[in-house]
Amino acid sequence: MVPDLSVRENLFLGRERGRLGFVDRSTERREAEHWLSQVGVKIDPEARCRDLSIAQQQAVEIARALSFDSKVMVMDEPTAVLTEREVDRMLELIDELRERGIGVLLVTHKLAEIERVADRYVVLRDGEVVDRGEMEEVERRHLIEKMVGRTMDQEFPARREPDPGEVRLRVSGLSRADLVKDVSFSVRAGDVLGIAGLVGSGRTETLRLIAGIDHYDAGRIEIDGTLLESGDPRRAIARGVCLLTEDRKSEGLILDHSLLENFGLPSLDRLSRAGWLMREQEHTSYRQLAKEVDLRATGPSQLAGQLSGGNQQKLVFAKWLAVDADIFLIDEPTRGIDVGAKYEIYQWIYELAARGKAVVMVSSELPEILAISDRILVMHEGRICGQIEDPSLATPESILALAVDRSEETEPPH
């Protein structure tokens, strides 16, 4: 999409409605509303695409694809940035497309989606077809093993026994406009706190406030009992806070820079002396941490944009490990990552907790947040509307029920 154009303009880019060289905006707006309704979203057709959330941008792309009335539709990770409810709607759309006689090629890492809508499957690994067949004849374990090239007994690591220490992060009454409202919680060393909720519930906005990217209007953020100033990311990083963003390609990495350059960005102060970068020390640190996170690349000069999603995420982990961050804010840790790399990311989250780091993880993947978190907060419309103390006893349905609860009776946890 063109970020500075409106939703309507993007939908009809190159095929504008009108005549005699004039665009018929009324017709375009009416058609745009129709196609957006087909993907179950309400977005102002005149809204600028740059101002939309990632999920909304994805919905616009899908609406545009539908508007071409194609006979074959190729969908590459169409649900990567969608919530459970939005995923359900997308899979319903795929069923509807099939009923209209449209062929669909669905590329996805999410096995539940394949099991729900696919008739046949093809497994690719390292650029080659390694398996194919009918979905009704295959088990999930077989697909996982073919995808990763080794035997895997389960999708998630065995649940660990948490051993939390002292409170590292305390958030009290945090508020910003209508996005975050009176949010309070604490995270201890060795704790993995999950935050669930629908898109727009305030999850990402809360992490951005803690990381100092945005200013908060009210409340307090304390690191080891000391106040953290509002809207100062440099100070937050210096205090041991790091943010792994939900969109690593545009916010977490500079794709046309090398792995080494990306790795060293948060560590420039540590790796410099008298204004000069100590390149040998940077290379040594990179090699050590790249090996530690099992980063698979051709070398430090490779461009970040050439890595797979899983290896890009490992690079982000490595650059924050280099500054010895104590509080890891991780937004959608496995978005767009294959099953094998997901397992490694889960192991790294557990490893961070074992090292005494405080971890806050936001995820739209409900099975993921249930499997990895020690505790779960559920947000709705900027507020904490529920808390799950023992995720092993909860279900995706119980989280979703809290996430859509609009009652004001729930007492937010502190």
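Two strands count as paired if DSSP finds at least two bridges between them. Strands (E, at least two residues) and helices (H or I, at least four) are DSSP runs numbered from the N terminus.

The model is predicted, so local features need pLDDT of at least 70 and side-chain atom pairs pLDDT 80 or more, while totals for chains, interfaces and linings use all residues. Residues are numbered from 1 along each chain as its sequence is written, and side-chain values use heavy atoms, without hydrogens and water.

**Exercise 1.** Find the bridge partner of R170 in β8, then place β8 in its sheet.

*Solution.*
- Start with the pair: β7 (residues 167-176) and β8 run antiparallel, joined by six bridges.
- Within β8, S186 is the partner of R170.
- Now widen the view: the open sheet has four strands in the order β8-β7-β10-β11, with antiparallel pairing.
- β8 (180-188) and β11 (226-227) are the edges; each has a single partner strand, so one side of each lacks a neighbour in the sheet.

**Exercise 2.** Work through the hairpin of β5 and β6 and say which residue takes a positive phi.

*Solution.*
- First, the pairing: β5 (residues 120-125) meets β6 (residues 128-134) in the antiparallel sense over six bridges.
- Next, a facing pair: L124 of the hairpin lies opposite V129 in β6.
- Finally, the turn: two residues separate the strands, and D126 has the positive phi, near 55°.

A friendly reminder to take along: strands of a sheet pair through backbone hydrogen bonds, either parallel or antiparallel.
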